[in-house]
Amino acid sequence: MSEPEQGAATAAPLGVWLVRPEGEDLAACLHERLGGQVYRPWLQADVAQKAQFAAAYRRHTQWVMVAASGIAVRFLDGLPQDKHSDPAVVVLDEAGRFAVSLLAGHEGGANALAYRVAAVVGAVPVVTTATEALKSLVVGIGCRKGVPAERIEAAVRLALGDYAISDVREVATVDLKANEPGLLDFCARHNLPLRVFARETLAARPWVSQPSAWVKQNVGLDGVCEPCALVASPRGRLLVPKTSLDGVAVAVVQDQWMEI
């Protein structure tokens, strides 16, 4: 382990469990951005990893396991007790492709953690809880620096029209706006996960109905809100093209999974 064993009262909220040294680079990214305690169980070779994990399981309220999902399921066998008290568990594959909310999605915060992990390493967040699965709308947002949450909410409500914010599954934006206070505040107020895309990803998929000279000059893209929403929901259709209000641009995409 990276640090001496410690009791739950003094442990960091997040534990990062590596199955193999190949996960070290991902662990370094996670630790830098999210903090937490990194576990390297191969350093204690005389004790099985599953036993080590069981001993540490209740030490943290959240876990990121850098492993295959099958390994995570086997390690968790017999440990979960109640969704209101179980630690959140997110599984991240060693290639950093998918951040899967595996346990305690709502109550433990694994769904939100999956989005945070995904934003750090550029992974796809995978959330399978029923509440999110039934929401079909993804909202792409681009905004000027310093725009408050109230103006973002007004622009979103304008774009949604007869739809409600509660119909939205996730919000998507460009990496340049990942820490925009007003956007983070808006998402927190409505318990909406924020999906963040690298500018390079959006530039490779230039789906823009209304190119913006200002966005091109300041962000290096023809647009933000439409590509963000469409990349986040690749089988969706553009329900509401770019709609602008007071420095906030919003596009709405509707998932079309039922029509496939």
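Which residue of β4 does W63 stand opposite? Keep that question in mind as you open the viewer; the tour will come to it shortly.

**Before you start**

This is a predicted model, in which local features need pLDDT of at least 70, side-chain atom pairs count only at pLDDT 80 or more, and totals for chains, interfaces and linings use all residues. Residues are numbered from 1 along each chain as its sequence is written, and side-chain values use heavy atoms, with hydrogens and water left out.

**The whole chain**

Show the chain as a cartoon to begin. You will find 10 helices and 11 strands; these are DSSP runs numbered from the N terminus, with helices being H or I of at least four residues and strands being E of at least two. The chain is as compact as a globular protein of its length, because its radius of gyration is 20 Å, close to the 18 Å that the globule rule gives for 260 residues. That radius is taken over C-alpha atoms, and the rule is 2.2 Å times the number of residues to the power 0.38.

Turn the model around, and the C-alpha trace spans about 60 × 35 × 35 Å along its principal axes. Now switch on a surface: the accessible area is about 12500 Å², and 53% of this belongs to carbon and sulfur atoms. Such areas come from the Shrake-Rupley method with a 1.4 Å probe, and for residues only the protein chains shown count as cover. Of the 260 residues, 47% count as buried, meaning under 20% relative accessible area, while exposed means over 50% and partly exposed lies in between (1.4 Å probe, protein chains only).

**Stop 1: strands β3 and β4**

Select residues 62-66, which form β3, and then residues 88-92, which form β4. The two strands pair in the parallel sense over five bridges; strands pair if DSSP finds at least two bridges between them. Here is the reply to the opening question: W63 stands opposite V89 in β4.

Next, show the side chains of β4. A88, V90 and L92 point one way, V89 and V91 point the other way, and all are buried. In a regular strand the side chains alternate between the two faces of the sheet. Five of the five residues of β4 are buried, so this strand is largely enclosed by the rest of the structure.

**Stop 2: V19**

Go to V19, in the loop between β1 (14-18) and α1 (24-34). Is V19 buried or exposed? V19 counts as buried, at 15% relative accessibility. Leaving aside neighbours within four places in sequence, V19 is in contact (heavy atoms within 4.5 Å) with W42, Q49, V66, A67 and I71. Try the distance tool on one of these partners: V19 and Q49 are 30 residues apart in sequence and 7.9 Å apart in space, C-alpha to C-alpha.

**Stop 3: R97 and A104**

Select R97 in the loop between β4 and β5. Not counting residues up to four places away in sequence, R97 touches A123 and V124.

Then move to A104, in the loop between β5 (98-103) and α4 (110-121). A104 is buried, with a relative accessible area of 11%. Check the backbone here too, since phi of A104 is near 60°, a positive value in a residue other than glycine. Most residues other than glycine have a negative phi.

**Stop 4: strands β7 and β8**

Select residues 137-143 for β7 and residues 168-174 for β8. Four bridges join β7 to β8, and the two run parallel. V138 stands opposite E170 in β8. Strand β8 is mostly covered, with seven of its seven residues buried.

Centre the view on V139, which is in β7. V139 is buried, with a relative accessible area of 1%. Beyond residues up to four places away in sequence, V139 touches a set of residues including V156, L160, E170, A229 and V250.

**Stop 5: the hairpin of β10 and β11**

Finish with β10 (residues 237-245) and β11 (residues 248-254), which run antiparallel and are joined by six bridges. Which residue of β11 does L238 stand opposite? Look across the strands and you will find V253 in that place.

The hairpin has two residues between the strands. D246 lies in the loop there, and phi of D246 is near 50°, a positive value in a residue other than glycine.
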